[in-house]
Amino acid sequence: MSQRRLIEVTVLVLVGVLLALATVNDVIRQSHTNQRLVVDLDTWRAYTGHVYHNLTIEQDLKGSGSTREVICGNTSPGAPKTRPQLCLVMRGPVVHGRRTVYGGYYLPPHTLYDVSSARYACFGPAKSQGLCEHGV
């Protein structure tokens with residue numbers, strides 16, 4: 001009976017260690033993602049010269065290692081989404097407190113959802129990637 005008890009305790013300890021490692025890994029990964037999103041906001045502000053705080057961030061959730069985000073904000077002062085919006089596609093690692101702007105596009109005022117049919121004036125490599133419906 002004591003050998004069976006030892007096996008059960010060992011299995012429970014191993015499961016506990018596995019869960020603890022998974023939790024620590026998840027917290028670290030989420031912390032890095034949050035830091036990257038803060039850098040994305042700073043990059044958008046530096047790129048556009050606007051210090052707006054009401055920006056939207058869309059994360060690419062295709063795969064756990066994805067580092068592609070789209071940050072959109074008004075091109076002129078006003079309530080969110082009431083002016084034309086500039087959306088920047090950012091990829092890659094954080095370098096010197098900024099991310100690489102891979103390209104982008106514009107959205108017309110009062111666009112509730114970022115869909116390819118509403119996008120216009122794509123620029124950078126994002127244009128050749130088909131981010132705008134008609135490549136305009």
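**Questions about a predicted chain**

Visitor: Is Asp-40 buried or exposed, and what is its relative accessible area?
Guide: Happy to start there, bearing in mind that this is a predicted model. Buried means under 20% relative accessible area. Asp-40 meets that cut-off and counts as buried, because its relative accessible area is 0%.

Visitor: Which residue forms a salt bridge with Asp-40?
Guide: The partner lies in strand β4 (residues 98-107), while Asp-40 lies in helix α1, so the pair ties together parts that are 59 residues apart in sequence. That partner is also buried, with a relative accessible area of 4%. The closest N and O atoms are 2.7 Å apart, and the residue is Arg-99.

Visitor: Arg-36 also forms a salt bridge, so which residue is its partner?
Guide: Here the closest N and O atoms are 2.8 Å apart. Arg-36 lies in helix α1 and its partner in strand β2 (residues 69-74), so this pair ties together parts that are 33 residues apart in sequence. Both residues are buried. The partner of Arg-36 is Glu-69.

Visitor: What about Asp-42 and Arg-45: which of the two is buried?
Guide: Their side chains meet in a salt bridge of 3.5 Å, N to O. Both lie in helix α1, three residues apart, about one turn of the helix. Asp-42 counts as partly exposed because its relative accessibility is 33%. With a relative accessible area of 18%, the buried one is Arg-45.

Visitor: Which residues are joined into one network by salt bridges that share partners?
Guide: By the salt-bridge rule, the chain has six such pairs. Some of them share partners, and these join into one network Arg-36, Asp-40, Glu-69 and Arg-99.

Visitor: Which residues make the nonpolar surface patch of about 360 Å²?
Guide: A good place to look is helix α1 (residues 2-48), where one member, Val-15, is found. Val-15 is partly exposed, with a relative accessible area of 41%. The patch is made by Ile-7, Val-11, Val-15 and Leu-19.

Visitor: And the chain as a whole: what is its radius of gyration?
Guide: The chain has two helices and five strands, running α-β-β-β-β-β-α from the N terminus on. For 136 residues the globule rule gives 14 Å; the chain is well over that, so it is more spread out than a compact globule, with a radius of gyration of 22 Å.

Visitor: What share of the residues is buried?
Guide: The C-alpha trace spans about 75 × 30 × 25 Å along its principal axes. The accessible surface comes to about 8900 Å², 61% of it belonging to carbon and sulfur atoms. Of the 136 residues in the chain, the buried share is 28%.

Definitions and conventions
Residues are numbered from 1 along each chain as its sequence is written. This is a predicted model: local features need pLDDT of at least 70, side-chain atom pairs count only at pLDDT 80 or more; totals for chains, interfaces and linings use all residues. Side-chain values use heavy atoms; hydrogens and water are left out. Patches are made of residues with over 30% relative accessible area and no salt bridge: like charges are joined within 9 Å, nonpolar side chains (Val, Leu, Ile, Met, Phe, Trp, Tyr) within 5 Å. Accessible areas come from the Shrake-Rupley method with a 1.4 Å probe; for residues, only the protein chains shown count as cover. A salt bridge is a side-chain nitrogen of Lys or Arg within 4 Å of a carboxyl oxygen of Asp or Glu. Helices (H or I, at least four residues) and strands (E, at least two) are DSSP runs, numbered from the N terminus. Buried means under 20% relative accessible area, exposed over 50%, partly exposed in between (1.4 Å probe, protein chains only). The radius of gyration is taken over C-alpha atoms; the globule rule is 2.2 Å times the number of residues to the power 0.38.
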